[in-house]
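Visitor: I'm new to this structure and would love a close look at one part of it. Could you pick a stretch near the end of the chain and walk me through what is there?

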Amino acid sequence: MKTSTTITFETFDIRAAKNLKEQRELGERIVAALQRDSLIQIKKNYQEDLLTAQALLQNRKFNQLPQDEKIKFVSDTTYTGYVFSGEEKKGGQYDQVEVYTVFPHFNQDDERVKKLRLPCHGEALYPSVDYKNAIESYMKATGNMCDRLIEIIGLGLGLEPNHYLSKMVRDGFHHARVLRFKSQKEAGGVSNGISAHSDYGFLVAASQDDVGGLWVRPIPNGEKRGRNYLEEETTIGAYHDQPGWAFVTPMPCVWTVFVGDMMELATNRKLKANIHKVILNKEKERFAIAYFHEPKFNQTFEAVNSKGKKKEIVYGKHLTNMYCKAYPNRSTTKRIQSEELCQNIDRLPKISL
């Protein structure tokens, strides 16, 4: 296998399918592309592209602030806020990426915050009104696209319209990670932006500038893929330094879309979670936004481990555990652990497939 692979990832226009027959045929092509390449591109219209440009501009403006200004935006109730480069940890390595995480906003008197005391729930911090408006508008447009795409993917898997995959993400815990990567020059020669991993949720739609740095791992026959939702398996660090990666060439006017852990579970591994990493550009900084179209916080799945034992997976617990592992020293993590907030998820009614 070569050190790297050149792939022209397929681009789809999900507005082109006008009736059920066309949507099902399009869904079958999308499913085939995800099973083969683990990544697809979805066309944006002019308005969506404009919203992307505005969000990336606010990302760039925020990251021009002095470090002592940026680090003020941290909460101990939610992971919404700023992550400094080197704070995020995966597979024993600290990633060289600055992140502004945007989780859903919950007022302090909301039952989920005040009474149930759920982890990852709290008031969303924003550095400015312009930043808030730009990022939330981008997220809304991206979410609308994901709703339509998930419906089409389900049809491609042979499901009937308005299927369980679509229902699962209605009013889900949708959120975003607004990213800035240093250049290798700025990082002192370090090349690792984000270590190899799969994402924890359902469907990821990313937008990137023209610098590039995203690498994905297509799914060759016979390669073992860990199930990130089981304690005894992981995708973190998987194949990071081994051959077989494909560079995602930046393209204008598209979302880069791939599957996360929970969609792998929901489709009984017919679609497998995409493994990806980011390598820093030698000379240029890079900006991107990853949007996560997610199930409801208390959505419940069933997995079977390698010993044949059934295990219940609650999305909110999986999400919280992944964030706690990624940010072991963050005040949010310490509060979740010291007050054992994950146990409060068990007080929620379970939503099964």
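Guide: Let's start with Glu 340, which comes after helix H9 and has a positive phi, near 50°. Keep in mind as we go that this is a predicted model. Now step back into H9 itself, which covers residues 331-338. Which of its residues are buried? They are Thr 332, Thr 333 and Ile 336. Viewed down the axis of H9, these buried residues lie within an arc of 95°, so they line one face of the helix. A bit of helix geometry helps here: an α-helix has 3.6 residues a turn, so residues three or four places apart point the same way. And what do the buried residues of H9 pack against? Their partner is helix H8, residues 315-326.

Let's carry on back along the chain, to a pair of strands. Strand E16 runs over residues 300-304 and strand E17 over residues 310-314, and the two pair in the antiparallel sense through five bridges. If you'd like to find one of those pairings, look at Glu 302, whose bridge partner in E17 is Glu 312. The strands form a hairpin with five residues between them. In this hairpin, Gly 308 has a positive phi near 85°. So you've now met two residues with positive phi: Gly 308 in the hairpin, and Glu 340 following H9.

Key. Residues are numbered from 1 along each chain as its sequence is written. This is a predicted model: local features need pLDDT of at least 70, side-chain atom pairs count only at pLDDT 80 or more; totals for chains, interfaces and linings use all residues. Side-chain values use heavy atoms; hydrogens and water are left out. Two strands pair if DSSP finds at least two bridges between them. Helices (H or I, at least four residues) and strands (E, at least two) are DSSP runs, numbered from the N terminus. Buried means under 20% relative accessible area, exposed over 50%, partly exposed in between (1.4 Å probe, protein chains only). The arc is that of the directions from the helix axis to the C-beta atoms. Contact means heavy atoms within 4.5 Å.
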